[in-house]
Amino acid sequence: MQYVKLQIGCLLIILYIVVTYIKAATKQKIPCSRLFDALMFVAPWAVIFDGFTAWTVNHLDTVPDYINRPAHLLFFLFMDVTVMITTLYMYDELVGFSKRHKERTVILCIPGITAVLLTTAFIGQLEYRIGLTTNYSMGLSVYISFGSVVLHYGIILYLLITRHRFLPKEKILGTLSFIVIAGVILAVQIIFPEVLLTSIFPTILVLGIYVDFENPSMKKLTRYNEEMVEAFATIVENRDNNTGGHIKRTRTYVNLMLHKMRYDKHYQDIVNKDYLINVSNAAPLHDIGKVATPDAILQKPGKLTDEEYAIMKEHAARGGEIILNVFQNLDDPEFQKIAYEVARFHHEKYNGKGYPDGLVGEQIPLHARIMAIADVFDAVSQKRCYRDAMPLEECFAIIEKGAGSDFDPLLVGIFLEMRDKVTEVCKQNR
């Protein structure tokens, strides 16, 4: 028992997390991450075989080699797979996998699969050494496992360093915290092989990811926030008889553009998983300022007078103010910032002739430039009480003609490349 006390403690911690996670996720009906599910399955086995090998290596006189060596192999394999799954999970969190980039999954798996194959090939060279306080194993398989950890976590650190400008601070700090702790444990294990701290490694990984990314309570709060956003957007839509379905369609157009931008070299670093989600959730709030617009103007069936139009234009600035006031206590500053900028700046024009601030070019936040295209296209392509919907070819021509003046020309190009998908969405909702 003296050789497996640490492993038993670590196993109990992991099992507690697994049970708590499954119970909460099932009760709250929160979507689960398949990679985290896989990690919760593999990590306990890594700890179990760590404990088993810690016992067998200290009972070499009674445990035959045909049991000891395969047990060590299983331990190394489960550790390699644990590290590989963690890397895949963190890549998905920091960048986000996409259906069109399946090759990235394969590339990220190559180091782990290589480690598994090499570890298996060299397990016969494993050595058992007698220490002052405990026996331990060394050999090429051990060094391969150590190297696999260093390589995989080097990949994660590289992602953090190269993309830190586009990632939420909370995600950066959360990732760094458990990687640093795991790195310290690895360093101690390498320098002092007798301490047998390996079981803490998968425990820290599971605990860190659970606390920082997969906590069901935090997911539940996020879901409530999204529902609140949808409720605000619905209030605006119900007040404006001219914009039935506008919020749903513009959000769809924004999402189509964002997914397209993920494969464009100009935007692939910016449009990561977090940015895509935040912009998609902020899009329905772009007209939230209309709640302060008088009904007589908002629902007027004819053309607005200059005075009425001036009042209508105030909805952009008012929308930004409402978001700052309503979401000031929201524990998601990145979303608040994006929602504010989408609401305030979606009527800015690329040539500086928009409102409310007359921003020029890239002074306008990227998400507001995306929203501007989606907003205008939907406005001209749908029927209003004072005019019929324009023909789709004419609608696309308006966007194309506005490139460089009203809209960002690069984004116009992306939008026009999706003509077929946009047309399909538009026709379904006409």
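A salt bridge here is a side-chain nitrogen of Lys or Arg within 4 Å of a carboxyl oxygen of Asp or Glu. This is a predicted model, in which local features need pLDDT of at least 70 and side-chain atom pairs count only at pLDDT 80 or more, while totals for chains, interfaces and linings use all residues. Residues are numbered from 1 along each chain as its sequence is written, and side-chain values use heavy atoms, with hydrogens and water left out.

**Exercise 1. Find the partner of Arg-318 in a salt bridge, and say where the two residues lie.**

Step 1. Arg-318 meets the side chain of Glu-321, with 3.8 Å from N to O.

Step 2. Both residues belong to helix H12 (residues 306-326) and sit 3 residues apart, about one turn of the helix. Helices are DSSP runs (H or I, at least four residues), numbered from the N terminus.

Step 3. Now check accessibility: buried means under 20% relative accessible area, exposed over 50%, and partly exposed in between (1.4 Å probe, protein chains only). Arg-318 is partly exposed at 37%, and Glu-321 is partly exposed at 41%.

**Exercise 2. Work through the salt bridges of Lys-273 and Lys-171, and place them in a network.**

Step 1. Lys-273 pairs with Glu-93, and their closest N and O atoms are 3.6 Å apart. Lys-273 lies in helix H10 (residues 273-282) and Glu-93 in helix H3 (residues 65-94), so this pair ties together parts that are 180 residues apart in sequence.

Step 2. Lys-273 counts as partly exposed, at 24% relative accessibility, whereas Glu-93 is buried at 11%.

Step 3. Lys-171 pairs with Asp-274, with 2.9 Å between the closest N and O atoms. Lys-171 is in helix H6 (residues 169-191) and Asp-274 in helix H10, 103 residues apart. Both Lys-171 and Asp-274 are buried.

Step 4. Put together, Asp-92, Glu-93, Lys-171, Lys-273 and Asp-274 are linked in a network of salt bridges. The count for the model comes to 17 salt bridges.

**Exercise 3. Sort the two sides of helix H17, and name the helices that its buried residues pack against.**

Step 1. In H17 (residues 419-428), the buried residues are Val-422, Thr-423, Val-425 and Cys-426. They cover an arc of only 165 degrees around the axis, which puts them on the same side of H17; the arc is that of the directions from the helix axis to the C-beta atoms.

Step 2. The face turned away from the buried side carries the exposed residues Asp-420, Lys-421, Lys-427 and Gln-428.

Step 3. The buried residues pack against helices H9 (246-261), H14 (366-381), H15 (392-401) and H16 (409-417), where contact means heavy atoms within 4.5 Å.
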